[in-house]
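Work through the exercises below with the structure in view. Try each task before reading its solution.

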Amino acid sequence: MADNKRHGEDAGDDRLDDEVVDDVADDDATGADEPVSRGGTATRSRARAESADSRPTTRSETGRVGVFGRIARFFREVVAELRKVIWPTRKELLTYTAVVVTFVAVMLTIVGVLDYGFAKVVLFVFGNSD
């Protein structure tokens with residue numbers, strides 16, 4: 001009787017494993033259920049970098065580049081980096097600005113009060129020359 005239970009459990013487990021494997025195979029075949037992540041761009045650029053290493057280098061890659069070529073490359077790289085930036089919306093920008101202005105005002109008040117207090121203490125300790 002114990003053998004029958006074991007055999008029944010094993011048979012049930014095999015069916016579950018088969019179902020899981022079938023579900024995974026169906027998802028992989030369609031590929032529509034997979035979410036697109038932001039990390040995909042890094043994978044593509046890494047693949048491009050690896051393929052770039054396999055091709056032969058030309059004289060322009062190994063030779064010296066002029067001043068204007070370096071300046072042009074610098075601006076191309078700046079534009080490429082700015083495209084990667086996640087720009088805030090107008091509402092976010094106004095919120096961040098309000099937070100910064102409030103923080104600076106609070107810190108200015110604290111420093112001003114401390115400065116005034118220390119000035120009074122120093123004048124009290126060393127006397128007022130007036």
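Partly exposed means a relative accessible area between the buried limit, under 20%, and the exposed limit, over 50%. The model used here is predicted.

**Exercise 1.** Classify Glu 77: buried, partly exposed or exposed?

Solution. Take the relative accessible area of Glu 77, which is 45%. Buried needs under 20% and exposed needs over 50%. Glu 77 is therefore partly exposed.

**Exercise 2.** Find the salt-bridge partner of Glu 77 and place both residues.

Solution. Start with the cut-off: a side-chain nitrogen of Lys or Arg within 4 Å of a carboxyl oxygen of Asp or Glu. Arg 73 meets Glu 77 at 3.9 Å, N to O. Next, place them: both lie in helix H4, residues 67-84. They sit four residues apart, about one turn of the helix. Arg 73 is partly exposed, at 41%.

**Exercise 3.** How many salt bridges are there by this rule? Describe the one formed by Glu 81.

Solution. The count is two. Glu 81 pairs with Lys 84, with the closest N and O atoms 3.2 Å apart. These residues are three apart in helix H4, so about one helical turn separates them. Now check exposure. Glu 81 is partly exposed at 47%. Lys 84 is exposed at 60%.

**Exercise 4.** Search the whole structure for aromatic pairs and classify what you find.

Solution. The search gives one pair. Its members are Phe 74 and Phe 75, with ring centres 5.4 Å apart. Their planes meet at 70°, and edge-to-face needs over 60 degrees. The pair is therefore edge-to-face. Phe 74 is partly exposed, with a relative accessible area of 47%.

Notes
Residues are numbered from 1 along each chain as its sequence is written. This is a predicted model: local features need pLDDT of at least 70, side-chain atom pairs count only at pLDDT 80 or more; totals for chains, interfaces and linings use all residues. Side-chain values use heavy atoms; hydrogens and water are left out. Rings of Phe, Tyr and Trp (its six-membered ring) pair if their centres lie within 6.5 Å; planes under 30 degrees apart count as stacked, over 60 as edge-to-face and the rest as tilted. Buried means under 20% relative accessible area, exposed over 50%, partly exposed in between (1.4 Å probe, protein chains only). Helices (H or I, at least four residues) and strands (E, at least two) are DSSP runs, numbered from the N terminus.
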